[in-house]
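Here's a quick walk through one chain, looking at how its strands and helices fit together and where its charged side chains end up. Have the structure open while you read.

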Amino acid sequence: MKFGYFTLSDNNYSDNTRPPNQFVADIIDEALYAETLGMHSAWIGEHHFSTLGVLSCPDLALAYVAARTQRIRLAPAVTVLPLHHPIRVAEQWATLDLLSGGRVDFAAGRGYDRREYAPLGVSFDDNQSIFEEGMEVVRRLWSANTPISHRGKHYSFDDVAITPRPVQRPMPTYVASFSRPSIELAARLGCGLIVAPFAASMTYGGLQQVRDLYHATCATHGTTPGRLMCSYFIHFADDAAQEQAARARQVRYYKECVIPAFPGDPATSPPQLPLLHRHGGTPA
């Protein structure tokens with residue numbers, strides 16, 4: 001089993017005195033310390049205009065970490081791909097792969113919050129098709145040895161080759177999923193899968209059910225299943241008092257950071273979120 005560092009850069013506590021800039025600096029320090037501890041990877045979230053996260057550019061943060069480390073793998077958690085042009089995403093992460101000596105694990109998703117979409121002029125209602133087409137473009141640009149052309153619903157270009165090319169061929173790539181369409185996309189493209197255990201339990205019944213669906217869909221498309229990864233909150237305690245304090249911090253995190261970040265109206269939420277509303281209460 002391999003352990004990594006993971007943060008969504010949540011900073012919405014009611015009596016919080018830590019400004020976002022300080023939190024970003026702390027995240028960098030923690031990612032550097034993760035290599036010292038012998039962790040396998042550092043996963044840094046991307047969020048915009050939201051109480052859930054204050055770090056909008058994981059690629060830049062991880063470039064700094066790459067320059068200060070030798071071994072730890074570097075990954076977004078995750079790139080909200082529909083918010084970016086896929087050519088630019090392919091260039092950015094190929095560049096980081098070069099600078100880090102081939103240490104990038106790329107992960108992408110479509111997000112869940114239309115509040116991140118509107119200021120950037122991207123259609124939230126079309127995010128699934130934008131995401132699927134964007135993933136296909138990114139993967140083609142990384143694997144192609146000659147310029148490629150693309151004619152799609154959302155993107156169109158001729159004779160494009162990115163530089164630099166990624167060191168890793170192929171680049172390890174994961175799809176973050178709360179829903180069946182994303183699981184099917186990962187299987188069709190031959191990507192790994194990242195899921196949140198609580199969402200897997202509420203939506204499918206558990207991680208085993210997600211794994212079975214993913215493997216069955218890979219078999220349908222004739223692809224080899226990749227790694228299935230998930231994020232857990234882990235606390236280490238030396239006594240009962242420390243354990244109780246850790247539990248209290250976790251409950252507070254859920255109430256003050258997670259619930260307010262979800263869209264308030266279940267009717268306008270993505271299809272994967274109504275279960276979260278029902279199990280977690282109506283978000284603020």
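What follows goes from strands and helices to charged pairs. Keep in mind that this is a predicted model.

## The start of the chain: β1, α1 and β2

Let's begin with strand β1 (residues 4-7), which runs parallel to β2 and is joined to it by four bridges. If you want a spot to check that pairing, look at Phe6, whose bridge partner in β2 is Trp43. Put helix α1 into the picture and you get a right-handed β-α-β unit made of β1, α1 and β2.

On its other pairing, β2 has strand β3 (residues 73-76), again parallel and again with four bridges. Here Ala42 is matched with Leu74 in β3. So much for neighbours in the sheet; what about the two faces of strand β2 (residues 41-44), covered or not? Both are covered: Ser41 and Trp43 are buried on one side, and Ala42 and Ile44 are buried on the other.

## Helix α2 and its two sides

Helix α2 spans residues 58-68, and its buried residues are Pro58, Asp59, Ala61, Leu62, Val65 and Ala66. Those residues sit on the same side of α2 because they take up an arc of only 155° around the axis.

What lies over that buried set? The cover includes α1, β2, β3 and α3 (86-99), which ties α2 back to the elements from the previous section. Turn to the face pointing away from the buried side and you'll find the exposed residues Leu60, Ala67 and Arg68.

## The end of α1: a buried acid and an exposed neighbour

Glu35 belongs to helix α1 (residues 20-36), and it's one to look at if you care about charges. Which side chain of opposite charge is nearest to Glu35, and how far away is it? It's Arg103, at 4.4 Å. The salt-bridge cut-off used here is 4 Å between nitrogen and oxygen, and Glu35 is buried with no salt bridge. Leaving aside residues up to four places away in sequence, Glu35 touches Thr69, Gln70, Arg71, Ile72 and Arg103.

Thr36 is in helix α1 as well, but its relative accessibility of 62% makes it count as exposed. For a sense of spacing, the C-alpha atoms of Thr36 and Gly102 are 19 Å apart, with 66 residues separating the two along the chain.

## Salt bridges around Arg252

The count of salt bridges comes to 12. One of them pairs the side chains of Asp15 and Arg252, at 2.3 Å from N to O. That pair links distant parts of the chain: Asp15 is in the loop between β1 and α1, while Arg252 is in helix α9 (residues 240-261), 237 residues away. Asp15 counts as exposed at 54% relative accessibility, whereas Arg252 is partly exposed at 31%.

Arg252 also has a salt bridge with Glu256, this one at 3.1 Å from N to O. Glu256 and Arg252 are four residues apart in helix α9, so about one helical turn separates them. Through shared partners, salt bridges join Asp15, Arg252 and Glu256 into one network.

## The β6-β7 hairpin

Strands β6 (residues 148-151) and β7 (residues 156-160) pair antiparallel over three bridges. They form a hairpin, with four residues between the two strands.

Arg151 is worth a click. In the strand pairing, its bridge partner in β7 is Ser156. By its side chain, Arg151 forms a salt bridge with Asp158, the closest N and O atoms being 2.7 Å apart. Arg151 is exposed, at 56% relative accessible area, and Asp158 is partly exposed at 46%.

## The five-stranded sheet

There's also an open sheet of five strands, in the order β4-β5-β8-β9-β10, with parallel pairing. Its edges are β4 (79-80) and β10 (228-230); each has a single partner strand, so one side of each is left without a neighbour in the sheet.

For a pairing within this sheet, take β8 (residues 173-177) and β9 (residues 192-195), which are parallel and share four bridges. Which residue of β9 stands opposite Ala176? That's Ile194.

Note on methods: Residues numbered from 1 in each chain as written. Predicted model: local features only at pLDDT ≥ 70, side-chain atom pairs only at ≥ 80, totals over all residues. Heavy atoms only, no water. Buried < 20%, exposed > 50% of the residue type's maximum accessible area, 1.4 Å probe, protein only. Lys, Arg positive; Asp, Glu negative; His and termini not counted. Contact = heavy atoms within 4.5 Å. Pairing = 2+ DSSP bridges. Right-handed = clockwise from strand over helix to strand, strands pointing away. Arc of directions from axis to C-beta.
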